[in-house]
Amino acid sequence: MASPLFLQNLDTSVMATALPSIAESLKVPPLHLNLAITSYLLSLAVFLPVSGWLADRLGAKRVFCLAIAFFSLGSALCGAASSLPELVLFRVLQGLGGAMMVPVGRLILLRSVPPSQMISAMVWFTVPPVIGRMAGPLFGGAIVTMTSWRWIFFVNIPFGMLAIFLALAFVSDTEEAAEPVPFDTKGFFLLAMGLSALLGALETAGRAVVPTWVSLLGAGLGSLALLLYYLHGRRQAHPIIDLSILNFRTFRTNVVGGMPLRIAIGASPFLLPLMLQLGFGLSPLESGLLTVATAIGGLATRVVMKRVIRGFGFRQLLIGATVLTSLFYISYSQFSPSTPHLLMFCTMMMGGLVNSMCMVALGALGFTEIPKTRMSHATALSSMAQQLSVSFGVVLGASLVSAVTWWHGGDALHLQARDFSPAFVVVGLLTMLSLYSFVQLHPKEGAGLH
């Protein structure tokens, strides 16, 4: 079930490391390539709501395998792209597969694992994606250094075939809905329009791509469409995403409380490779060898996670790890071309450790109160919010660097080390907003999961 998460994390981390090389090949400014990342994440956010309905209607295992196949096909097309518009289009197609495979995989897991084993399951569920993040910078740096950037997409194909084989061999079909509900066409289009317009407005804001009034209009229309969906969902008997599940406190903490942390997770992998390569003058391989530290820190979480939860509980863990995560992101702003590489590596490794502890804790705690009959809605909404947050993080990171570059009198084609420092400070302070939700948790919350 973790195979799709491995594929997504490998794809994203490889892509981030290769951004400067892709920009040079396609003859576009490096910051414009965040379109290739946000278009994929936007596609995920738009089509994620359909995942739960399809899993209930067609069967989770079947949808899971088809989604991985579609993701692999999209990867092959991305590797053949010859321009930025083509790359963006194929990333959208790739996102169609990604929108199905992750939430459906999590749905199968949550339906299969008893609560007493959920912490262990979530710990192991996050190992393959951490390996993907860890291998991604190395893959990306080595591929870009020794061959064409196109192979960062082609490498997904054999991994996708392996994931399908594993699913066919080891995954049993989960129960399908006895009476599949009708598809909420109006709700789907309202969600799709709202998310597309809102993220499109964020992407174009302040970039002189379109007039300012167009971005403001897009933001207004997107917000209106999401409001209309909220009103529609309250009247609809079977909405495509049932927002009433946010009434469950632990799930609301996962979705709303975890959003600032996930925004930072989206911004940091986008900013770090650009700072190391364009700001510090490192090669793609050197950049990859340094940024892999965050994934190594995340992998180390598996050694201490159960012991820490038993010793401190979910509430104290989330509060403490969030504060530390904020401080580590802010510390990245102090990196300079003269900073010893070992110091940067250790700092990013510890940042990855505390950040991963937050994510594992939220993943284990968030679904404890959700009834099985509503689990497909929960996994779809959680995945949608997660990808929306990550997408906003990429947009925020690019916008902050653009604003600082303009303030310094520079331009997007000639980024310097000083252009990145304020962005990491803002990202670090942003994560503190998660504390508002975490402090409201009961000290004994999730005790049954220990």
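These legends walk through several close-up views of a predicted model.

**View 1. The second largest cavity and the residues around it.** Searching the whole structure turns up two cavities of 30 Å³ or more. This view shows the second largest cavity, which holds about 60 Å³ of space. Its lining is made up of L5, Q8, L44, L48, G98, A99, V102, P103, R106, S383, Q386 and Q387. Three helices, α1 (3-26), α5 (84-112) and α16 (375-407), each give at least two residues to this lining. The largest share belongs to α5, with five residues. By character, the lining of the second largest cavity splits into six nonpolar residues, five polar ones and one charged.

**View 2. An aromatic pair, Y332 and F424.** A pair of aromatic rings is described by the distance of the centres and the angle of the planes. In this model the count of aromatic pairs comes to 11. One of them joins Y332 and F424, whose ring centres are 5.7 Å apart and whose planes stand at 85°, an edge-to-face arrangement. This pair links distant parts of the chain: Y332 belongs to helix α14 (residues 284-332) and F424 to helix α17 (residues 421-431), with their positions 92 residues apart. Both Y332 and F424 are buried.

**View 3. An aromatic cluster.** Here you can find F47, W53, F183, F188 and F189, which together form one aromatic cluster.

**View 4. The salt bridge between R374 and D242.** Side chains of opposite charge can pair when their charged atoms come close. The structure has one salt bridge. In it, the side chains of R374 and D242 meet at 2.7 Å, N to O. R374 sits in the loop between α15 and α16, while D242 sits in the loop between α11 (212-235) and α12 (249-257), so the pair ties together parts that are 132 residues apart in sequence. How exposed is R374? With a relative accessible area of 23%, R374 is partly exposed. D242, at 19% relative accessibility, counts as buried, because the cut-off for buried is under 20%.

**View 5. S356 and the residues it touches.** S356 is found in helix α15 (residues 341-365). Is this serine, S356, buried or exposed? S356 has a relative accessible area of 7%, so S356 is buried. Leaving aside residues up to four places away in sequence, S356 touches G298, T301 and R302.

**View 6. S83 and A23, apart in sequence.** Look for S83 in the loop between α4 (60-79) and α5. S83 counts as partly exposed, at 24% relative accessibility. Its partner in this view is A23: S83 and A23 are 60 residues apart in sequence, and their C-alpha atoms are 9.9 Å apart in space.

**View 7. K27 and its positive phi.** Where does K27 lie? K27 is placed in the loop between α1 and α2 (34-47). Its phi is positive, at about 60°, although K27 is not a glycine. K27 has a relative accessible area of 74%, so K27 is exposed.

Terms used. Residues are numbered from 1 along each chain as its sequence is written. This is a predicted model: local features need pLDDT of at least 70, side-chain atom pairs count only at pLDDT 80 or more; totals for chains, interfaces and linings use all residues. Side-chain values use heavy atoms; hydrogens and water are left out. On a 1 Å grid over the protein atoms alone, a cavity is a set of points where a 1.4 Å probe fits but cannot get out, and a pocket is an open set with protein on both sides within 12 Å along at least five of seven lines; lining residues have an atom within 4 Å of a point. Grid points are joined across faces, edges and corners, and a volume is the space filled by probe spheres set on the points. Helices (H or I, at least four residues) and strands (E, at least two) are DSSP runs, numbered from the N terminus. Ala, Val, Leu, Ile, Met, Phe, Trp, Tyr, Cys and Pro count as nonpolar, Asp, Glu, Lys and Arg as charged, and the others, Gly among them, as polar. Rings of Phe, Tyr and Trp (its six-membered ring) pair if their centres lie within 6.5 Å; planes under 30 degrees apart count as stacked, over 60 as edge-to-face and the rest as tilted. Buried means under 20% relative accessible area, exposed over 50%, partly exposed in between (1.4 Å probe, protein chains only). Contact means heavy atoms within 4.5 Å. A salt bridge is a side-chain nitrogen of Lys or Arg within 4 Å of a carboxyl oxygen of Asp or Glu.
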